[in-house]
Amino acid sequence: MAGNTLYDKLWADHLVAENDDGSALIYIDRQLLHEVTSPQAFEGLRIAGRKPRRLESNLATPDHNVPTTDRTNGIADPVSRIQVQTLDDNCDSYGVTEFKMDDIRQGIVHIVGPEQGYTLPGLTMVCGDSHTATHGAFGAMAFGVGTSEVEHVLATQCLRQKKMKNMLVRVDGELGTGVTAKDVVLAVIGEIGTAGGNGHAIEFAGTAIESLSMEGRMTICNMAIEAGARVGLVAVDDKTIEYVKGRPFAPKGEQWDMAVEAWKDLHSDADADFDRVVELKAEEIIPQVTWGTSPEMVKPVNGNIPNPEKESNPVKKEGIERALQYMDMKADTPITSIPLDKVFIGSCTNARIEDLREAAAVAKGRKVSPSIKQAMVVPGSGLVKEQAEAEGLHTIFTEAGFEWREPGCSMCLAMNADRLESGEHCASTSNRNFEGRQGQGGRTHLVSPAMAAAAAVHGHFVDVRELELDPELAKASEVH
Amino acid sequence: MEAFTQHTGLVVPLDRSNVDTDAIIPKQFLKSIKRTGFGPNLFDEWRYLDHGEPGMDNSKRPLNPDFVMNKDRYQGASILLARENFGCGSSREHAPWALEDYGIKAVIAPSYADIFFNNCFKNGILPIVLDHTTMDTLFEQTEANEGFKLDIDLDKQTVTMPNGDVIGFEVESDRKHSLYNGLDDIGITLQQESAITEYESARQKRAPWLFNS
């Protein structure tokens with residue numbers, strides 16, 4: 001009999017009951033809450049007269065609606081303000097731990113969880129947010145759920161689930177200079193498509209993945225959902241354990257030793273059977289740029305925008321035509337010729353300290369091009385911001401002409417005041433280039449932090465591999 | 001949750017693939033703390049010519065005459081035809097809330113994104129999966145015949161065409177049972193309270209660090 005995958009092990013370890021109808025009841029160790037997808041869940045609890053089953057299994061922070069400019073006067077938009085206030089009220093009334101907007105620990109849920117050691121290997125973790133896949137970088141089964149399931153977990157600490165299939169994405173070899181985790185995951189999505197991982201948990205493995213930092217692994221798992229997979233995973237190794245050690249919610253003393261012992265088994269067995277295997281060679285991956293309105297519409301920076309006439313599948317052809325029209329771009333023109341208006345460095349994909357170092361390595365000693373209307377850097381949490389400032393990164397950014405902001409989701413989805421105007425093109429380190437995602441009529445191009453910083457400096461996309469980088473900052477990040 | 005047993009309704013064809021939840025309900029409407037009222041903003045950016053914000057009187061906004069759901073012949077539609085990977089992207093349950101509030105009872109597509117698919121069942125919407133060839137036929141028939149209706153029977157797992165042709169579909173038995181009876185999922189899970197407590201106490205022994213308050 002074949003061995004077990006990491007996903008098989010996590011599933012078996014959290015199985016409460018298997019039902020005759022093929023469904024299973026799965027135990028959920030921890031839940032992250034934010035203001036957008038929780039109010040109706042708390043309301044549901046209240047109407048039914050239920051209470052959270054385990055308070056310590058929930059951690060909340062507002063992120064989607066918070067302003068990234070001066071917060072001393074609160075939130076200007078009354079609708080956003082009510083939503084954040086509702087989260088505060090719900091957490092206060094039920095006793096859920098929350099990092100409020102004025103707390104230095106506040107930030108994007110998927111940055112805060114790992115930073116606090118709330119995310120741990122071997123967990124099941126959910127959040128009313130599809131990018132919960134991020135936490136799989138720690139060998140945890142983490143996935144996004146809807147609001148009904150947020151309420152379900154609050155009330156029962158469980159979910160009714162069907163086991164997913166296993167997919168292995170193996171990236172072997174050594175990534176080239178200037179090629180980052182973001183480029184790897186965009187290349188994977190380009191390869192398998194946005195529906196390629198539907199119904200699967202994807203484990204990322206191979207020497208290129210092993211050599212990534214925890215931040216890089218989080219970037220990769222974060223975008224598993226853009227390949228259709230609710231769950232992304234990376235096996236636990238020494239880097240994982242080293243990252244978790246000493247963080248506020250991490251186990252301590254004897255419990256730490258016990259935990260480390262348990263976590264050592266969190267990898268797929270050598271003879272594990274995967275339903276699908278996809279292999280990429282690290283050496284063949286070069287910096288990626290999305291040109292269209294779906295993350296699978298991606299090309300290497302030295303490539304050209306595709307021509308729909310060369311597509312034989314009529315549905316795909318129509319999709320390319322529609323995307324070219326929305327993006328106002330011409331087939332067969334170089335990616336480097338795309339005109340840019342704004343640059344956004346941030347989001348749960350790329351707003352960790354390492355991402356900011358990576359962008360700063362490019363920005364240092366350079367200036368944002370006068371043709372760029374706005375370039376902003378939005379740290380993922382108050383603690384990331386504090387760390388970046390301690391390292392002097394904010395000075396590098398502001399001297400180069402970038403705006404240095406307060407932490408939050410910001411222009412990844414433009415629920416706060418940060419957004420694109422209709423027709424504007426943005427080089428963005430976020431995760432979705434859907435129509436209108438960053439503002440109605442806005443045109444998003446997904447790239448790595450290094451590529452975004454390079455685009456800001458040049459006013460258009462350039463191959464970051466051809467730029468000279470600040471050696472110390474490059475060494476401290478993945479751009480090496 | 002409202003039960004879904006049988007439904008006959010007008011069909012509207014949305015002929016594009018990878019329709020994401022940002023398109024189904026744009027983010028500015030996610031600021032609501034209610035579950036209802038999202039219908040007028042379903043597909044807001046495609047449906048209207050102006051920029052929509054919460055609190056606007058949607059009845060006074062200029063409609064996009066080219067968007068399929070605005071055409072006279074599709075008014076009152078309750079069955080949505082879609083293409084592959086419908087509902088991809090964000091986990092927002094506001095997407096099925098908006099469909100439900102608009103009056104959509106069932107979606108028929110070749111495939112769905114996992115989270116959206118799951119969210120539909122929590123809100124009384126039946127997402128049916130049919131193969132590409134059958135989908136092509138349904139799109140052709142809907143576009144060729146004004147007033148084209150389908151009859152959906154969840155118990156029999158059938159979609160019946162106006163000419164009497166019957167198409168079968170698959171649905172997982174637990175999802176079917178909950179939707180057919182309009183059951184409260186949390187209530188069902190709480191019936192397994194003893195199993196949960198038993199698991200929890202074993203988990204605490206194995207992983208005590210998860211139980212420090």
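## A tour of two helices and an interface

Helix 6 of chain A and helix 8 of chain A are roughly parallel to each other, because their axes cross at an angle under the 35 degrees that marks the limit for that label. Keep in mind, as you click along, that this is a predicted model.

**Stop one: the helix pair.** Select residues 181-192 of chain A for helix 6, then residues 214-222 of chain A for helix 8. The two axes come within 8 Å and cross at roughly 25°. Look along the crossing and you will find that its hand is right-handed. Now show side chains: on helix 6 of chain A, pick Ala181(A), Lys182(A), Val184(A) and Val185(A), and on helix 8 of chain A, pick Gly216(A), Thr219(A) and Ile220(A), since these make the contact. Colour them by character and the residues of this contact divide into four nonpolar, two polar and one charged.

**Stop two: where the chains meet.** Zoom out and bring in chain B. Here 78 residues of chain A are in contact with 62 residues of chain B. About 5700 Å² is buried between chain A and chain B, with carbon and sulfur atoms giving 49% of that area. On the chain A side, select Gln40(A), Arg53(A) and Gln440(A): they lose the most area to chain B, together 11% of what that side buries.

**Stop three: one salt bridge.** Which residue of chain B forms a salt bridge with Arg53(A)? Select Glu200(B), whose closest N and O atoms with Arg53(A) are 3.0 Å apart. Across the interface of chain A and chain B there are 13 salt bridges to look for.

How values were computed. Residues are numbered from 1 along each chain as its sequence is written. Chains are lettered from A and ligands numbered from 1 in the order in which they are written. This is a predicted model: local features need pLDDT of at least 70, side-chain atom pairs count only at pLDDT 80 or more; totals for chains, interfaces and linings use all residues. Side-chain values use heavy atoms; hydrogens and water are left out. Axes are lines fitted to C-alpha atoms, for helices over the stretch in contact, and angles run from 0 to 180 degrees between N-to-C directions. Helices (H or I, at least four residues) and strands (E, at least two) are DSSP runs, numbered from the N terminus. Angles under 35 degrees count as roughly parallel, over 145 as roughly antiparallel, 65 to 115 as roughly perpendicular and the rest as oblique. A crossing is left-handed if the near helix is turned anticlockwise from the far one by less than a right angle, and right-handed if clockwise. Contact means heavy atoms within 4.5 Å. Ala, Val, Leu, Ile, Met, Phe, Trp, Tyr, Cys and Pro count as nonpolar, Asp, Glu, Lys and Arg as charged, and the others, Gly among them, as polar. Buried area is the accessible area (1.4 Å probe) that two parts lose on being put together, summed over both. A salt bridge is a side-chain nitrogen of Lys or Arg within 4 Å of a carboxyl oxygen of Asp or Glu.
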